[in-house]
Amino acid sequence: MAWGLLLAAGVLDVLWALSMKQAEGYTRPGWTLVSVALLASFVWLLGRSLTVLPVGTAYAVWTGIGAAGTAIAGIWLFGESLSLARVAGIGLIVAGVGVLKLAP
């Protein structure tokens with residue numbers, strides 16, 4: 001259950017980053033409200049997962065999901081550059097998250 005909450009927090013983190021882009025410096029009220037709601041939601045889910053998971057592992061996994069997911073979403077949705085270095089970096093993040101999930 002804690003890992004599921006952590007995964008959901010990571011996905012909401014990606015959506016939050018995307019909503020910040022759409023909020024255009026928090027000048028668009030609708031997207032600003034969406035952004036704040038997503039922020040509150042992922043912080044709550046992360047906090048719930050920390051009742052079971054070690055903080056170092058959970059935080060690293062959460063930031064990894066957020067970083068890799070946001071980079072992929074930026075490439076897909078906003079046409080951000082896709083290079084071998086970016087793919088390798090995202091791959092290393094995903095591999096690191098996988099190792100942390102499997103670690104005792």
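1. To begin with a cut-off: a residue counts as buried when its relative accessible area is under 20%. By that yardstick, 32% of the 104 residues of the chain are buried. Bear in mind throughout that this is a predicted model.

2. The overall layout is quick to describe. You get four helices and zero strands, and the order from the N terminus on is α-α-α-α. The C-alpha trace spans about 45 × 35 × 15 Å along its principal axes. As for contacts with a separation of 6 or more, 66% of them are between residues 24 or more positions apart.

3. Now the packing of helix 1 (residues 2-23) on helix 3. Their axes come within 8 Å of each other and cross at roughly 40 degrees, so the two helices count as oblique. The crossing of helix 1 past helix 3 is right-handed. On the helix 1 side, the contact residues include Trp3, Leu6, Leu7, Gly10, Val14, Leu18 and Lys21. Helix 3 contributes, among them, Ala58, Val61, Trp62, Ile65, Gly66, Gly69, Ala73 and Phe78.

4. Helix 1 against helix 2 is another arrangement worth a look. Here the axes are 8 Å apart and the packing angle is about 160 degrees. Why do helix 1 and helix 2 count as roughly antiparallel? Angles over 145 degrees fall in that class, and the angle for this pair is about 160 degrees. Helix 1 passes helix 2 in a left-handed crossing.

5. Serine 49 is a nice residue to click on. It belongs to helix 2 and is buried, with a relative accessible area of 0%. What does serine 49 touch, leaving aside its neighbours within four places in sequence? The contacts are Ala2, Leu5 and Leu6, and Leu6 is also one of the helix 1 residues in contact with helix 3.

6. On to the aromatics. There are three aromatic pairs in the structure. One of them joins phenylalanine 42 and tryptophan 62, with 5.3 Å centre to centre and 40 degrees between the planes, which makes it tilted. That pair bridges distant parts of the chain: phenylalanine 42 is in helix 2 (residues 29-49) and tryptophan 62 is in helix 3 (residues 55-78), 20 residues apart. Both partners fall under the 20% cut-off for buried: phenylalanine 42 has 4% relative accessibility, while tryptophan 62 has a relative accessible area of 10%. Ring pairs also tie Trp16, Phe42, Tyr59 and Trp62 into a cluster.

7. Two lysines have their charge over a ring. Lysine 21 lies over the face of phenylalanine 78, at 5.5 Å from the ring centre; Lys21 and Phe78 both appear among the residues that make the contact of helix 1 with helix 3. In the other case, the charged end of lysine 101 sits over the ring of tryptophan 3, 4.8 Å from its centre. Trp3 is another of the helix 1 residues in that contact.

8. Last, have a look at the backbone in the loop between helix 1 and helix 2, where glutamate 24 lies. Although glutamate 24 is not a glycine, its phi is positive, about 50 degrees. Tyrosine 26 is found in that loop too, and its phi is near 60 degrees, again a positive value in a residue other than glycine. Buried or exposed? Neither label fits: glutamate 24 is partly exposed at a relative accessible area of 49%, and tyrosine 26 counts as partly exposed at 41% relative accessibility.

How values were computed. Residues numbered from 1 in each chain as written. Predicted model: local features only at pLDDT ≥ 70, side-chain atom pairs only at ≥ 80, totals over all residues. Heavy atoms only, no water. Phe/Tyr/Trp six-rings, centres within 6.5 Å; stacked < 30°, edge-to-face > 60°. Buried < 20%, exposed > 50% of the residue type's maximum accessible area, 1.4 Å probe, protein only. Lys NZ or Arg CZ within 6 Å of the ring centre and 35° of its normal. Axes fitted to C-alpha atoms, helices over the stretch in contact; angles between N-to-C directions. Parallel < 35°, antiparallel > 145°, perpendicular 65-115°, else oblique. Left-handed = near helix turned anticlockwise from the far one by under 90°. Contact = heavy atoms within 4.5 Å.
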